[in-house]
Amino acid sequence: MEAYIGYIPYIFIVLIIFFASIFIVKQQTVAIIERFGRFLSIRHSGFQLKIPFIDKIAGKVSLKIQQLDVIVETKTLDDVFVKLKVSVQYVIIREKVYEAFYKLEYPHDQITSYVFDVVRAEVPKMKLDDVFVKKDDIAIAVKKELKDAMLDYGFDIIKTLVTDIDPDAQVKVAMNRINAADREKTAAQYEGDAARILIVEKAKAEAESKRLQGQGIADQRREIARGLEESVEVLNKVGINSQEASALIVVTQHYDTLQSIGEHTNSNLILLPNSPQAGSDMLNNMVASFTASNQIGEAMKKAELKKNNDKNIEE
């Protein structure tokens, strides 16, 4: 039993050496092995061996796609300060792990510097509105510059995105006011157009109404004239001449009007003259007027006939 106890230190040393010589590399990861401070090899995922106390793991490099967010503050062409958030997605090239591990000590700082340089070169050429519209152009310019610069260091730039554009707070307020004013102007224009169309259509409707009303009045008066003509013809057949017939018709219409007014108790219409003697006076005046107008007409015809005869005699 005592003999076996003497082997325990040796077993313990063997176990230490064994565990010091093995290591596990995770998937999508590589390990950099150095021997006495000098690069020895690159080990990929899985179970790996190394000489204990002579070889050491200098570091592990992830081969996954990584993202670096860079916030850049710069000024636009129209003197507006704006902050841009640029997201850079990159990956270490499997065949260039050595360059990525040994050539760059702080790759994030290097990428950030290039992003600052490109953004501050591109954005001052644009106005603020153009920055929002052409953000993809900015991202493409950043990717091109980074891809060319970082390729030698073993980094491949997968994608660059301008994920946020944040102007100064006062500029935001001003932009919102401008946008609101434009929308109010557009709304006012639409309201004005609607009001104008309403007025035009209303005028058209009134014009059509007046036209139809005038046509109705014209048709009414045409029928009245036709009725008066028929009435005069009937009166002429019983020995009443046209002048007396016209006067009689007017007087009859006068009394019909009075009768129509009397049928409506709340009527505000007043017919002048409306006394009982008015009908008789109207009849006498009209007969006298017609007689006088006929005499004047006959005299004018005689005078014209005499003038024509005298003219013919002189010729």
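## Exercises on Ser62 and helix H6

Ser62 touches Gln28 and Ile92, leaving aside residues up to four places away in sequence. The model is predicted.

**Exercise 1.** Place Ser62 in its secondary structure, and decide whether Ser62 is buried, partly exposed or exposed.

*Solution.*
- Step 1. Find the element. Ser62 lies in strand S5, which covers residues 55-62.
- Step 2. Take the relative accessibility. The value for Ser62 is 26%.
- Step 3. Apply the cut-offs. Buried means under 20% and exposed means over 50%. Ser62 therefore counts as partly exposed.

**Exercise 2.** Find what the side chain of Ser62 reaches, and give the C-alpha separation of Ser62 and Arg94.

*Solution.*
- Step 1. Follow the side chain. It reaches the backbone nitrogen of Lys64 at 3.2 Å.
- Step 2. Turn to Arg94. Ser62 and Arg94 are 32 residues apart along the chain, and their C-alpha atoms are separated by 9.6 Å.

**Exercise 3.** Describe the span of helix H6, then work out how its buried residues are arranged and what they pack against.

*Solution.*
- Step 1. Check the span. H6 runs over residues 135-150, 16 residues in total. From first to last C-alpha it reaches 22 Å, close to the 22 Å expected at 1.5 Å a residue.
- Step 2. List the buried residues. They are Ile138, Ala139, Val142, Leu146, Ala149 and Met150.
- Step 3. Look down the axis. The buried residues of H6 fall within an arc of 105 degrees, so they line one face of the helix.
- Step 4. Check the other side of H6. Ile140, Lys144 and Asp148 are exposed there.
- Step 5. Name the partners. The buried residues of H6 pack against strands S7 (81-92) and S8 (155-167), and against helices H4 (107-122) and H5 (128-133).

Methods. Residues are numbered from 1 along each chain as its sequence is written. This is a predicted model: local features need pLDDT of at least 70, side-chain atom pairs count only at pLDDT 80 or more; totals for chains, interfaces and linings use all residues. Side-chain values use heavy atoms; hydrogens and water are left out. Helices (H or I, at least four residues) and strands (E, at least two) are DSSP runs, numbered from the N terminus. Buried means under 20% relative accessible area, exposed over 50%, partly exposed in between (1.4 Å probe, protein chains only). Contact means heavy atoms within 4.5 Å. A polar contact is a pair of N or O atoms within 3.5 Å; within protein, one must be able to donate a hydrogen and the other to accept it, and residues adjacent in sequence count only if both atoms are side-chain atoms. The expected span of a helix is 1.5 Å times one less than its number of residues. The arc is that of the directions from the helix axis to the C-beta atoms.
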